[in-house]
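Reader: Hello! I would like a close look at one part of this protein, with the cut-offs spelled out as you go.

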Amino acid sequence: MARMNRPAPVEVTYNNMRFLITHNPTNATLNKFIEDWPFDDGAPPSNQIVDDWLSLVKIKFREEPGCCIAVHCVAGLGRAPVLVALALIEGGMKCEDAVQFIRQKRRGAFNSNKQLLYLEKYRPKMRLRVKDSNGHRNNCCIQ
């Protein structure tokens, strides 16, 4: 039986967010994953998956600062990077920067033009922007 050559898991860190992009879990590691939202390979996620994903990200990083969220798909090159990119974009990163940032760490990421087009057209609601102690979004710093 031929073994598929899969890239090693990589950590992507931005502001207070940490993600581990990996290929599909094994039976031994499946219990470490708390949610499973399948969508078609090469396709963008549904609005419901995006909302559920961003809600999970917001809650996990608020409740467990410094934690790392593992995100998987079959090879860890399409759907998982798209979800991480959405979180980075919602956290304030530009789409192009998010794609490049993830590709620097995960060569071959974003293997579908449909997914890249989806990210380019995605309009963030800034749901994951970090707020300062006064409740203001940290958009800039004047010194």
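How are helix 3 and helix 4 oriented to each other: roughly parallel, roughly perpendicular or oblique?

Author: Happy to walk you through that. This is a predicted model, in which local features need pLDDT of at least 70 and side-chain atom pairs count only at pLDDT 80 or more, while totals for chains, interfaces and linings use all residues. Residues are numbered from 1 along each chain as its sequence is written, and side-chain values use heavy atoms, with hydrogens and water left out.

Helix 3 covers residues 95-105, and its axis comes within 9 Å of the axis of helix 4, crossing at roughly 140°. Axes here are lines fitted to C-alpha atoms, for helices over the stretch in contact, and angles run from 0 to 180 degrees between N-to-C directions. Helix 3 and helix 4 are therefore oblique to each other; angles under 35 degrees count as roughly parallel, over 145 as roughly antiparallel, 65 to 115 as roughly perpendicular and the rest as oblique. Helix 3 brings Cys 95, Val 99 and Arg 103 to the contact, and helix 4 brings Leu 116, Leu 119 and Glu 120 (contact means heavy atoms within 4.5 Å). By class, four of these residues are nonpolar, none polar and two charged. In this scheme Ala, Val, Leu, Ile, Met, Phe, Trp, Tyr, Cys and Pro are nonpolar, Asp, Glu, Lys and Arg are charged, and the others, Gly among them, are polar.

Cys 95 counts as buried, at 12% relative accessibility. Buried means under 20% relative accessible area, exposed over 50% and partly exposed in between, with a 1.4 Å probe and protein chains only. Cys 68, at 32% relative accessibility, counts as partly exposed. A search of the whole structure finds zero disulfides, a disulfide being a pair of cysteine sulfur atoms within 2.5 Å. For Cys 68, the nearest cysteine sulfur is that of Cys 67, 7.4 Å away.

Helix 4 (residues 113-121) also packs with helix 2 (residues 79-90), at an angle of about 10° and with the axes 11 Å apart. Helix 2 and helix 4 are therefore roughly parallel to each other. On the helix 2 side the contact is made by Arg 79, Val 82, Ala 85, Leu 86 and Ile 89, and on the helix 4 side by Gln 115, Tyr 118 and Leu 119. That contact has six nonpolar residues, one polar and one charged. Leu 119 is listed in the contact with helix 2 and also in the contact with helix 3.

Just past this region, Arg 123 lies in the segment after helix 4. Arg 123 is exposed, with a relative accessible area of 62%. Its C-alpha atom is 8.8 Å from that of Ile 89, although the two are 34 residues apart along the chain.

To place these helices in the whole, the protein has four helices and three strands, following the pattern β-β-α-β-α-α-α along the sequence. Helices (H or I, at least four residues) and strands (E, at least two) are DSSP runs, numbered from the N terminus. Of the 143 residues, 39% count as buried. Among contacts between residues at least 6 apart in sequence, 68% join residues at least 24 apart.
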